[in-house]
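User: I'd like to go through this model with you one question at a time. Could you show it first?

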Amino acid sequence: MELKELRRSIRWMPLLLTLAGLGPAAATPLQSGNILISTGNTLYEYTPAGAWVRTVPIPYPGGTRPTTETARDVVVDASGNLALYNGTFDPYVSQYDVAAGTWTHTTHTGWSTANNASYGGLARYESFVFATDMLTYGTGDSPRGLVRFDLGGSTPVRFADTVDFIDVTLGQDGLLYALASNEYTVQVYDPSTLALVRTLNLPFGKSIRGIAVSQQGEIYGASWDDNIYRFSAAGVQLGQLYSGAYDLIDIDLSAEGLLVVSSRFGNILFTDLQLSSLSSFTVGSAPAFVTFVPQVSDNLLVSSDNSLLEFTANGQLVRTTAIPSNDIARDLTVSTNGRIELYNGTFEPLLSRYDSATGAWTHWTHLGWSTANNVSYGGIASTQHRVFVTDMATAGAGAPRGLVYFDLNTGSAQRFADTVDFIDVTLGQDGLLYALASNEYTVYVYDPSSLALVRTVNLPAAVRAITASTTGELYGASWDDFIYRFSAAGVQLNRVYSGAADLIDIDISPVSQQVAVGSRFGTVILTDLALSTLRAFSAGNSEAFVSFTTPASKSN
């Protein structure tokens, strides 16, 4: 492998799929429950019934793909975008932004895999992608193990570097499972700390090339001997099913308990957790890697009266969770894997994270961080492991102001833009960070990776909260009871009277493109991007901060 930079990004022009006759427009989201198939350096989306949905050619950086460099495993992130193991001796993690139709490519020195059709595994956890690594014989290709790529931009990390791995998967039990090249040893890691949890051996001689793991820790294997295997969490064989296809190479498990398996020759097979049924279809004749498009919720979260409320889009209450607070819990944002961050407090606030999977709370703070005691103030936004909160000069220590950036991977925090008092902040669906000043009309736009100021926009109407669409249009929730729509340059396009008093928060769903607005007295309003329809429900009679359950986070 030639020496490369640790990170190299190449942006590709959008693929005009519709014009090319290759399926839906690039902005059309992936459909939950569908299958993604990486085969023949092309990505396909199919329904489980075998109906074709779309085709996306997979580019290789530099334009010309060497014959050895084959696109391999594929995963879907929490925002519905893709990451692929793209290559062999000189691979990249290639990310595809479905909405924008663009590719970004990232690599790491010494990373490679042997040129075997079934090797090259990928798994995703939060903002990270894990890739298998093997000792090969190119220049500098002596490392082995697993490589963790941070899609948020930090330097990749190699670990478990005494083993050649051929597949890796995030189990539904939350642990990372890596299959060694001997085809039967499985190493299990904590994906947060990278610590080894345990090692288990599957029965020798089963030629397992790909693995998937259930909530109970049971392991399912796709085998080169044409069988699908089921093993206990200890590695004891519980069952097997002959697939009728030659040389199985990959396997994935849906949240609903459906297994999809692929072969060296393009066969796509489905079965259940008991291996009691079998159906199939074929996509070409090349090696195929498979993954499910995860189910995406478009529910709405409301922070109100120190409670976290989840509602369906129709206003039906799903669950209520008490927020531990000695003050007023304010704005909220959803990051990844069901984790929710809240602006928890006023003069001595906490950044409070709720893990919905475990029910655990974690809290951080930063010296001098505070907000004025106004019911609509205190904004929060997140992208991957990075969380941004508004800061104002109050009577707290040192009276600083600006925005505070928390890195939840390291627990560190830093203040920037420290000449302005801000009252709201949001991650736009265009990937930029928008911060609303306390004058209620000046919006500062930042790059969330570099923290550099991109531009400043002045709105013609006073608003208390903002959100931004994929095109950079701004939507504002106003204390005057109107919902506003502005162009990216700040020109007012239209407004609609909400029928609710004192609007304080606003969000856009990345799934349905609904706009949700919260009011001072608990009314939640839902509308569309054109502000052409309105419907509302009550979340109580206290302040309502709102966030959709699907993260707006993009991989920057």
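User: Does D298 count as buried or exposed?
Analyst: This is a predicted model, in which local features need pLDDT (the predictor's confidence in each residue, from 0 to 100) of at least 70, side-chain atom pairs count only at pLDDT 80 or more, and totals for chains, interfaces and linings use all residues. Residues are numbered from 1 along each chain as its sequence is written, while side-chain values use heavy atoms and leave out hydrogens and water. On the scale used here, buried means under 20% relative accessible area, exposed over 50% and partly exposed in between, with a 1.4 Å probe and protein chains only. D298 has a relative accessibility of 17%, so it counts as buried.

User: How far apart in space are D298 and S512?
Analyst: D298 sits in the loop between β24 (288-292) and β25 (300-304), where strands are DSSP runs (E, at least two residues) numbered from the N terminus. Contact means heavy atoms within 4.5 Å, and beyond its neighbours within four places in sequence D298 is in contact with S509, V511, S512, Q514, F548 and T549. D298 and S512 are 214 residues apart in sequence, yet their C-alpha to C-alpha distance is 7.2 Å.

User: Which are the edge strands of the open sheet that contains β25?
Analyst: Two strands pair if DSSP finds at least two bridges between them. The open sheet has four strands in the order β27-β26-β25-β48, with antiparallel pairing. Each edge strand pairs on one side only, and these strands are β27 (317-322) and β48 (545-548).

User: Which residue is the bridge partner of S304 in β26?
Analyst: β25 and β26 (residues 307-311) pair in the antiparallel sense over five bridges. Within β26, the bridge partner of S304 is S307.

User: What is the closest N to O distance in the salt bridge of R319 with E310?
Analyst: A salt bridge here is a side-chain nitrogen of Lys or Arg within 4 Å of a carboxyl oxygen of Asp or Glu, and the structure holds 14 of them. R319 is partly exposed, with a relative accessible area of 47%, whereas E310 is buried at 11%. In the salt bridge between R319 and E310, the closest N and O atoms are apart by 2.3 Å.

User: How many residues apart are R230 and E218?
Analyst: R230 forms a salt bridge with E218, the closest N and O atoms being 2.9 Å apart. The pair links distant parts of the chain, with R230 in β18 (residues 227-231) and E218 in the loop between β16 (208-213) and β17 (219-223). R230 and E218 are both buried. Counted in residues, the separation of this pair is twelve.

User: Does R520, the salt-bridge partner of D502, count as buried or partly exposed?
Analyst: D502 and R520 form a salt bridge with the closest N and O atoms 3.2 Å apart. D502 is in the loop between β43 (492-497) and β44 (503-508), and R520 is in the loop between β45 (515-519) and β46 (523-527). D502 is buried at 13% relative accessible area. R520 has 34% relative accessibility, so it counts as partly exposed.

User: How many residues of strand β30 are buried?
Analyst: β30 joins β29 (residues 339-344) through six antiparallel bridges, and β31 (residues 360-364) through five, also antiparallel. The β29 and β30 hairpin has five residues between the strands, with G345 in the turn at a positive phi of about 130 degrees. The β30 and β31 hairpin has four, with G359 in the turn at a positive phi of about 75 degrees. β30 covers residues 350-355 and is mostly covered, the number of its six residues that are buried being five.

User: Which strand gives the most to the largest nonpolar core?
Analyst: A nonpolar core is a set of buried Ala, Val, Leu, Ile, Met, Phe, Trp, Tyr and Cys residues joined through side-chain atoms within 4.5 Å. The largest has 18 residues, and those with the most contacts inside it are Y434, V443, L459, V463, L474 and F486. β37 (433-437), β38 (442-446), β40 (465-468) and β42 (482-486) each supply at least two of its residues. With three residues, the strand that gives the most is β42.

User: What is the average pLDDT of the protein chain?
Analyst: pLDDT stays under 50 over residues 1-21. Across the chain, 92% of the residues score at least 70, and the average is 91.
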